[in-house]
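Visitor: I am new to this structure. Please take a close look at one helix and its surroundings, and then place that part within the rest of the chain.

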Amino acid sequence: MRCIHMNIRQAVFVLLTFLANNIQSADNTIKLTANNVRKNATSTIDIKELDILNIPVENCPLNFACKDLPVECLHCPLNDTCEYGELLHADCHVKSTTKCHGRRDFPKKYICRYCYQTERWEHNCDLRATCDSVSSPRDIYTSNCTVHDNILCLGHRTFYKKIVCNWTKGKRWWTTLALSITLGGFGADRFYLGHWQEGIGKLFSFGGLGVWTIVDVVLISLHYLGPADGSLYL
């Protein structure tokens, strides 16, 4: 019986040793595979970083003068340690996938500032026509703005900006005033501005027997009465 127990113990010991060795070997294999994957991923990232200039840009025009290409088609390292307002030069070169005429390497002037600090005429914003332009104070809304494609600046080229409501549908102040003076008794000025209910009231009351007509002439001349949709006069 003792011999049988000894044989069983030896068999169990051998089996456990075999399993432990296999587990250790599998663990080493997993680690080696993980290291290879990490190396391959790092190599891929490096290749992408080195090859980033070869990525095609859809908005780049073909057969264009190189110096007139949009900024998205150029690689221009900017100095982010400059002082605000300082006039600098960036050494730009055209991305390799873009075809253009002329010298592919050239300097380009730029002002030290972030893109959101550019002037109003240097970027385009999505204007909103649902706000009230004649309210006091005027409505303010947040818009999505993008810098013009020929402007070099630091940071993101698209940014959010608060804009004062300022839009028009083409209603002219002089036309409104002329209608108010000549045909105001029939509500023509109110109809022109889109105030339909008040226009009908003026029409059937003959301009409030003249009083309403005079009041509207004064309000329109002072720009106090504007279009019903909240837009500004042209």
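Guide: The helix to look at is H6, whose buried residues pack against H2, H3, helix H4 (196-204) and helix H5 (206-209). This is a predicted model, in which local features need pLDDT of at least 70 and side-chain atom pairs count only at pLDDT 80 or more, while totals for chains, interfaces and linings use all residues. Residues are numbered from 1 along each chain as its sequence is written, and side-chain values use heavy atoms, with hydrogens and water left out.

A few terms come first. Buried means under 20% relative accessible area, exposed means over 50%, and partly exposed is in between (1.4 Å probe, protein chains only). Helices (H or I, at least four residues) and strands (E, at least two) are DSSP runs numbered from the N terminus. Contact means heavy atoms within 4.5 Å.

Within H6, the buried residues are Thr213, Asp216 and Ile220. They cover an arc of only 65° around the axis, so they sit on the same side of H6. The arc is that of the directions from the helix axis to the C-beta atoms. On the face of H6 turned away from its buried side are the exposed residues Val211 and Ile214.

The end of H6 leads to His223, which follows the helix. His223 is not a glycine, yet its phi is positive, at about 60°. With 48% relative accessibility, His223 counts as partly exposed.

One of the helices that H6 packs against is H5, and Phe206 is found in H5. Phe206 also has a positive phi without being a glycine, in this case of about 55°. Phe206 is exposed, with a relative accessible area of 60%.

H2 (residues 173-183) is another partner of H6, and the packing also appears from the side of H2: its buried residues pack against helix H3 (188-193) and helix H6 (211-221). Those buried residues of H2 are Trp173, Thr176, Leu177 and Ser180. They cover an arc of only 95° around the axis, which puts them on the same side of H2. Trp174 and Thr182 are exposed and lie on the face of H2 turned away from its buried side.

H3 and H4 are also packed against by H6, and the loop between H3 and H4 holds His195. This residue is buried, its relative accessible area being 15%. Leaving aside neighbours within four places in sequence, His195 is in contact with Arg190, Leu225, Gly226, Pro227 and Ala228.

Now the rest of the chain. Its secondary structure comes to six helices and eight strands, in the order α-β-β-β-β-β-β-β-β-α-α-α-α-α along the sequence. Of the 234 residues, 28% are buried. Among contacts between residues at least 6 apart in sequence, 56% join residues at least 24 apart.

The strands offer one residue to look at in Cys125, which is in strand S6 (residues 123-125). Cys125 is buried, with a relative accessible area of 11%. Apart from neighbours within four places in sequence, Cys125 is in contact with Arg120, Ser143, Asn144, Cys145 and Ile163. Of these, Asn144 is 19 residues away along the chain, with 5.6 Å between its C-alpha atom and that of Cys125.

Last comes the largest pocket, with a volume of about 170 Å³. A pocket here is found on a 1 Å grid over the protein atoms alone, as an open set of points with protein on both sides within 12 Å along at least five of seven lines, whereas a cavity is a set of points where a 1.4 Å probe fits but cannot get out; lining residues have an atom within 4 Å of a point. Grid points are joined across faces, edges and corners, and the volume is the space filled by probe spheres set on the points. Domain 1 (61-112) and domain 2 (114-168) both give residues to the lining, so the largest pocket lies between them. These domain bounds come from an automatic or database domain assignment. The lining includes Val71, Glu72, Leu152 and Arg157.
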